[in-house]
Amino acid sequence: MDEMVHVKGIAHAFGEERVLKNIDMAIAEGEIFGLLGPSGAGKTTLVKIMVGILEADEGETWVKDVQMPSLQQMKVVGYMAQSDALYDELTAEENLDFFGAIYGLKRKERKERMRNVMEVVGLQDHLRKPVSQYSGGMKRRLSLAIAMIHEPDILILDEPTVGIDPMLRQSIWQELQRWQERGTTIIVTTHVMDEAEKCNRLAMLRNGYVIATGSPDVLRAHTNTTTLEEAFLAYGGATS
């Protein structure tokens, strides 16, 4: 199976605070890969480096054999940030049209994809509503729709279901699994254990280190635990 994302020796600091320390990671084509860890573990910084928004102090990041940051390579990636990057004064339709054009989609293609992604996130009835009238949860869903509009090879989603009701969260995960079946590589940051269970493999992050990598079953088996939370706590002793 081809390698889609390769992170080698990544380290990064904000001022005196070292938020990532010697991170090595390889993510294969068509897998759902989770970055699991508490707030402040370095998950958001790591995905920003993968996307090419942030350049690491040390190490290399490769996406589909191209070293990041690369403006051209960002077109094969769909990125949903933790904070919604939306134009509040525009409607959802105008936001989708704008981002679709940036990704190089033709007008007819944008219209078609717009309908599809808004159905996925359950916002098809709110297409012409200004984003300023959206609730926080609706904005999260629109951000996910924007990340999907150009059908990227790699979807990188930073806490994608925070503030989304359980029923819709379930349907979004079903859609992510359909995308995976089509060959899309999906990278998800989360601190929610039931979402981590849905990943093929996980990297557990704590204090800027990767403390363990493997499937949920393997991580539990290696620590002789019954839950991922117990496994995380067991591995956590390695850096304390």
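Reader: What makes you say that strand β1 (residues 3–14) and β2 pair?

Author: Two strands pair if DSSP finds at least two bridges between them. Here β1 and β2 run antiparallel over 8 bridges, so the rule is met. Along the way, isoleucine 10 stands opposite isoleucine 23 in β2. Keep in mind that this is a predicted model: local features need pLDDT of at least 70, side-chain atom pairs count only at pLDDT 80 or more, and totals for chains, interfaces and linings use all residues. Residues are numbered from 1 along each chain as its sequence is written, and side-chain values use heavy atoms, leaving out hydrogens and water.

Reader: Why are β2 (17–28) and β5 (66–67) said to stand at the edges?

Author: They belong to an open sheet of 4 strands in the order β2-β1-β4-β5, with antiparallel pairing. Each of the two has a single partner strand, so one of its sides has no neighbour in the sheet.

Reader: And why does β5 (66–67) count as a strand?

Author: Strands are DSSP runs of E with at least two residues, while helices are runs of H or I with at least four, and both are numbered from the N terminus. β5 covers 66–67, so it satisfies the strand rule.

Reader: Which order do the strands take in the sheet of 6?

Author: That open sheet goes β6-β7-β8-β3-β9-β10, with mixed pairing. Its edge strands are β6 (77–80) and β10 (209–214), each pairing on one side only. From one strand to the next, the twist averages 15°. Inside the sheet, β3 (residues 32–36) and β9 (residues 201–206) are parallel over 4 bridges, and leucine 36 stands opposite methionine 204 in β9. β6 and β7 also run parallel, joined by 4 bridges, with glycine 78 opposite leucine 155.

Reader: How do you know whether threonine 45 is buried or exposed?

Author: Look at relative accessible area: buried means under 20%, exposed over 50%, and partly exposed in between, using a 1.4 Å probe and protein chains only. Threonine 45 has 11%, so it counts as buried.

Reader: Where does threonine 45 sit, and what is it in contact with?

Author: Threonine 45 is in helix α1. Contact means heavy atoms within 4.5 Å. Apart from its neighbours within four places in sequence, threonine 45 touches His12, Phe14, Val19, Leu20 and Leu54.

Reader: What makes α1 "mostly covered"?

Author: The count does: 7 of its 9 residues are buried. Among them are Leu46, Val47 and Ile49. Helix α1 (residues 43–51) lies across β3, β6, β7 (154–158), β8 (185–190) and β9, at about 155° to β7. α1 also lies across β1, β2 and β4 (58–63), at about 55° to β2. Such angles run from 0 to 180 degrees between N-to-C directions, with axes fitted to C-alpha atoms, for helices over the stretch in contact.

Reader: What makes both faces of β6 covered?

Author: Val77 and Tyr79 on one side, and Gly78 and Met80 on the other, are all buried. In general, side chains of a regular strand alternate between the two faces of the sheet.
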